[in-house]
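Could you walk me through this structure in my viewer, one selection at a time? I would like to know what to pick next and what I will find there.

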Protein chains: 2
Amino acid sequence: MKLLLSSNSTMPGEEYLGFPSPYIKTFLGEKPVKALFIPYAAVTFSFDEYEQKVNEAFQRGGHSVVSIHHFDNPAKAIEEAEAIVVGGGNTWQLVRMLHDQNLMMAIRRNVQSGTPYIGWSAGSNVACPTLRTTNDMPIIDPTSFNTTGLVPFQINPHYMDANPDGHAGETREQRINEFIEINPLTFVVGLREGTLLKLENEKLELIGNRSARIFIQGLDAYELNPGDDFNFLLK
Amino acid sequence: MKLLLSSNSTMPGEEYLGFPSPYIKTFLGEKPVKALFIPYAAVTFSFDEYEQKVNEAFQRGGHSVVSIHHFDNPAKAIEEAEAIVVGGGNTWQLVRMLHDQNLMMAIRRNVQSGTPYIGWSAGSNVACPTLRTTNDMPIIDPTSFNTTGLVPFQINPHYMDANPDGHAGETREQRINEFIEINPLTFVVGLREGTLLKLENEKLELIGNRSARIFIQGLDAYELNPGDDFNFLLK
């Protein structure tokens, strides 16, 4: 399997998909790839707009995308895709649309057979077994909480360490501790903005210049850095 | 109906239930009330601990609570309650436990018949039609997204205006705008920390020293202050 899972699309001040672009370019290879883009996480802007924005970013790296909403048979589009790209936005809306069209297992099957998968934010959430570590507002019932399970652990994208000053709501760490209390067998990676997880040649690695925070029931949460072993998460 | 719905329990630096305590005291009246406490939103601490913490705060105002987990028949406990108090924590866990025990409609029926209801954070979420404007991590499938519908609008507790510096994730305003895009007939109140909504004598009012942010599909989000008319939200 080939997976590139980014915490987020863009750091403040960057152009769209700024920091992930060099990694996407290398991940897809020298030969230009026309990837299938899944824009379903978009809620307050159109699929056409989303496709155009992502396509411009991919073209800077010599690749391109075409959005699944142009295909009459989306399951067939997934089957024939050179690569699958799932963009961020609202995870609940994304998962609902994937379930409504029976695409969740189609993605799983094809990525497990070798189709490269790229996701950021909500697109990284759906690479996990369930959407239970999303930060998004549950604006719609997703039918099922299950997602593709391409990896056996959960990612919390946009992981952040503290609340804004003076804000009393739960921290992200408290929220993930609640998750592992209720789901004690599942590991969680708090993936900070500006970082990605890459799975290639059966090796899972952290990319970027910040550490990731690992949550395992019964242990204190701890940090792992780029270069550290992440493969234990695949077991 | 008598409702007291707080954004949060405690401001940084305060004792537990600091700012809501004077309002709770007045809301429950001069005569000491022994309220029924629902601690189900607790995930990483015990119901006994939660009950004790809340009881200490209520006793400072001359009232007290007893937790529903001590009763063999929780539906009967709700029916006979002098007041119902629903504490914060994880909304998903709270909603799941209320559905599992068929208590959601028991609460609705009894509060509609006059039993005073006090909630903070997750406890304010369940006073709304659904849990779709919670900020909490969906650590468990709640069975149904529906909650008590004591009010016809949605509250977003712990409402905050901006992300921490340098954080690129969606702002709360963006998340709620996604909600009203998908649920265009539902009004949302962004309830800032340190503020409460009180419904008494058929009048809904904002309490505290900050404004609330109102989200209605088709309008720009806007601010309402304590003293402003909030009753349009009940229609």
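Start by selecting Lys198(B) and Glu205(B): Glu205(B), in β9(B), is the bridge partner of Lys198(B). As you look, keep in mind that this is a predicted model.

Now widen the selection to the two strands around that pair. Strand β8 of chain B covers residues 196-200, and five bridges join it to β9(B) in the antiparallel sense. Together β8(B) and β9(B) make a hairpin, with two residues between them. Click on Asn201(B) in the turn: its phi is positive, at about 50°.

**The sheet in chain B**

Next, colour the whole sheet that this hairpin leads into. Seven strands of chain B make up an open sheet with mixed pairing, and you can trace them in the order β3-β2-β4-β5-β1-β8-β9. At the edges you will find β3 (64-67) and β9 (203-207) of chain B, each paired on one side only. If you look at how neighbouring strands are turned against each other, the average is 20°, direction ignored. As a general point, strands of a sheet pair through backbone hydrogen bonds, either parallel or antiparallel.

Travel across to the β3 edge and select β2 of chain B, residues 34-38. Here β2(B) and β3(B) run parallel, joined by four bridges. For one pair to zoom in on, pick Leu36(B), whose bridge partner in β3(B) is Val66(B).

**A loop residue with a contact in chain A**

Stay in chain B and select Asn183(B). You will find Asn183(B) in the loop between α7 (172-182) and β7 (188-192) of chain B. Is Asn183(B) buried or exposed? Its relative accessibility is 12%, so Asn183(B) counts as buried, the cut-off for buried being under 20%. Show its contacts next: apart from neighbours within four places in sequence, Asn183(B) touches Arg132(B) and also Ile139(A).

**Over to chain A**

Follow that contact into chain A and display the chain as a cartoon. How many helices and strands are there in chain A? There are seven helices and 11 strands. Chain A has a radius of gyration of 17 Å, close to the 18 Å that the globule rule gives for 235 residues, so it is as compact as a globular protein of that length. Turn the C-alpha trace of chain A along its principal axes and it spans about 45 × 40 × 35 Å.

Switch on the surface of chain A: its accessible area is about 9,300 Å², with 46% belonging to carbon and sulfur atoms. Of the 235 residues in chain A, 60% are buried.

One of the places to look inside is Ile24(A), in helix α1 (residues 21-28) of chain A. Ile24(A) is buried, at a relative accessible area of 5%. Leaving out neighbours within four places in sequence, Ile24(A) is in contact with Leu4(A), Phe58(A) and Ile118(A). Draw a line from Ile24(A) to Phe58(A): the two are 34 residues apart in sequence, with 7.9 Å from C-alpha to C-alpha.

**Last stop: the cysteines**

Finally, select Cys128(A) and Cys128(B). Cys128(A) has 0% relative accessibility and counts as buried; Cys128(B), also at 0%, counts as buried too. How many disulfides does a search of the whole structure find? Over all chains, the search finds zero.

Key
Residues numbered from 1 in each chain as written. Chains lettered and ligands numbered in written order. Predicted model: local features only at pLDDT ≥ 70, side-chain atom pairs only at ≥ 80, totals over all residues. Heavy atoms only, no water. Pairing = 2+ DSSP bridges. Axes fitted to C-alpha atoms, helices over the stretch in contact; angles between N-to-C directions. Disulfide = S-S within 2.5 Å. Buried < 20%, exposed > 50% of the residue type's maximum accessible area, 1.4 Å probe, protein only. Rg over C-alpha atoms; globule rule 2.2 N^0.38 Å. Areas by Shrake-Rupley, 256 points an atom, 1.4 Å probe, with all protein chains shown as cover. Contact = heavy atoms within 4.5 Å.
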